[in-house]
Amino acid sequence: MKRIEIYEPAGCASGACDPMIERTLTRMEHMVQDLRERGVSVSRFNVMDDGPAFLASDLVKEALATRGLECLPLVIVEGKIESEGEYPTDLELAKWAGLPWSDLEIYAEREKRELASPMMGFEVLDADDGEDKECDCDCDGDCGSCS
């Protein structure tokens, strides 16, 4: 299996975290644990707590020097930057980890369910009647008719 390194921003240091950020961080923690249980080497480094790890990586130092903190979170797989500026999906992490196709299908299905969830912003308010309605289009929420 491959080695994955995740270099993260300070996060919710104040203790008051945006619910979506908190949900993403919880999802990431579960996914990292899942990958570790499957034998994947996953390391997470927080800019506030793990400064030496940031300084030890030439890729991270270069990204920070050229793009600033906006490049975080930064995901490096086998010495190559795979993602920057946002957390990857579970499916992306599973692919980068080299998990078998059968496992990738599980993550893809889970991702579809999460995207269809009203928590992800696909529930809209109809201006005519004031009631909540779910978007019934097949656009994955990006067509404009759901907002």
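A residue is called buried when its relative accessible area is under 20%, exposed when it is over 50%, and partly exposed in between (1.4 Å probe, protein chains only). By that scale Glu8, at 6% relative accessibility, counts as buried. Keep Glu8 in mind, as we will come back to it.

Before we set off, a word on what you are looking at. This is a predicted model, in which local features need pLDDT of at least 70 and side-chain atom pairs count only at pLDDT 80 or more, while totals for chains, interfaces and linings use all residues. Residues are numbered from 1 along each chain as its sequence is written, and side-chain values use heavy atoms, with hydrogens and water left out.

Let us start with the overall plan. The chain has five helices and six strands, where helices (H or I, at least four residues) and strands (E, at least two) are DSSP runs numbered from the N terminus. Read from the N terminus on, the elements follow the order β-α-β-α-α-β-β-α-α-β-β. Of the 147 residues of the chain, 32% count as buried. Contacts, meaning heavy atoms within 4.5 Å, tell us about the fold as well: among those between residues at least 6 apart in sequence, 51% join residues at least 24 apart.

How far can you trust each part? The predictor's confidence in each residue is its pLDDT, from 0 to 100. The chain averages a pLDDT of 81, and 74% of the residues score at least 70. Among the elements, strand S3 (residues 74–77) has the highest mean, 98, and strand S5 (residues 123–125) the lowest, 37. Over residues 120–138 pLDDT stays under 50, and the model has 30 contacts beyond four places in sequence for this stretch. Where pLDDT is low, the predicted coordinates should not be read in detail.

Now back to Glu8. Side chains of opposite charge can pair when their charged atoms come close. Such a pair is counted as a salt bridge when a side-chain nitrogen of Lys or Arg is within 4 Å of a carboxyl oxygen of Asp or Glu. The side chains of Glu8 and Arg44 form one, at 2.7 Å from N to O. Glu8 lies in strand S1 (residues 3–8) and Arg44 in strand S2 (residues 41–46), so this pair ties together parts that are 36 residues apart in sequence. Arg44 also meets Glu29 in a salt bridge, again with 2.7 Å from N to O. That second pair links helix H1 with strand S2, as Glu29 and Arg44 are 15 residues apart. Glu29 is partly exposed, with a relative accessible area of 38%. Together, Glu8, Glu29 and Arg44 are linked in a network of salt bridges. Another salt bridge joins Asp34 and Arg38, at 3.4 Å from N to O, and Arg38 is partly exposed at 32% relative accessibility. The full count comes to 10 salt bridges.

Next, look at helix H4. Six of its eight residues are buried: Asp90, Leu91, Leu93, Ala94, Trp96 and Ala97. What covers these residues includes S1, H1, S3, strand S4 (80–84) and H5. Just after H4 comes Gly98, whose phi is positive, near 80 degrees.

Tyr107, in helix H5, is buried too, with a relative accessible area of 2%. Beyond its neighbours within four places in sequence, Tyr107 is in contact with Met31, Asp34, Arg38, Asp90, Leu91, Ala94 and Leu99. Notice that Asp34 and Arg38 are the salt-bridge pair you have just met.

Two loops deserve a look. In the loop between helix H3 (58–67) and S3 sits Pro73, and the peptide bond from Leu72 to Pro73 is cis, with omega near 0 degrees. The loop between S3 and S4 holds Glu78, a residue other than glycine with a positive phi, near 50 degrees. Glu78 counts as exposed, at 52% relative accessibility.

Finally, find the largest pocket. On a 1 Å grid over the protein atoms alone, a pocket is an open set of points where a 1.4 Å probe fits, with protein on both sides within 12 Å along at least five of seven lines, and lining residues have an atom within 4 Å of a point. The largest pocket has 24 lining residues, with Met20, Thr24, Arg27, Tyr87 and Pro88 nearest its centre. H1 (19–37), H4 (90–97) and H5 (101–116) each supply at least two lining residues, and H1 gives the largest share, six.
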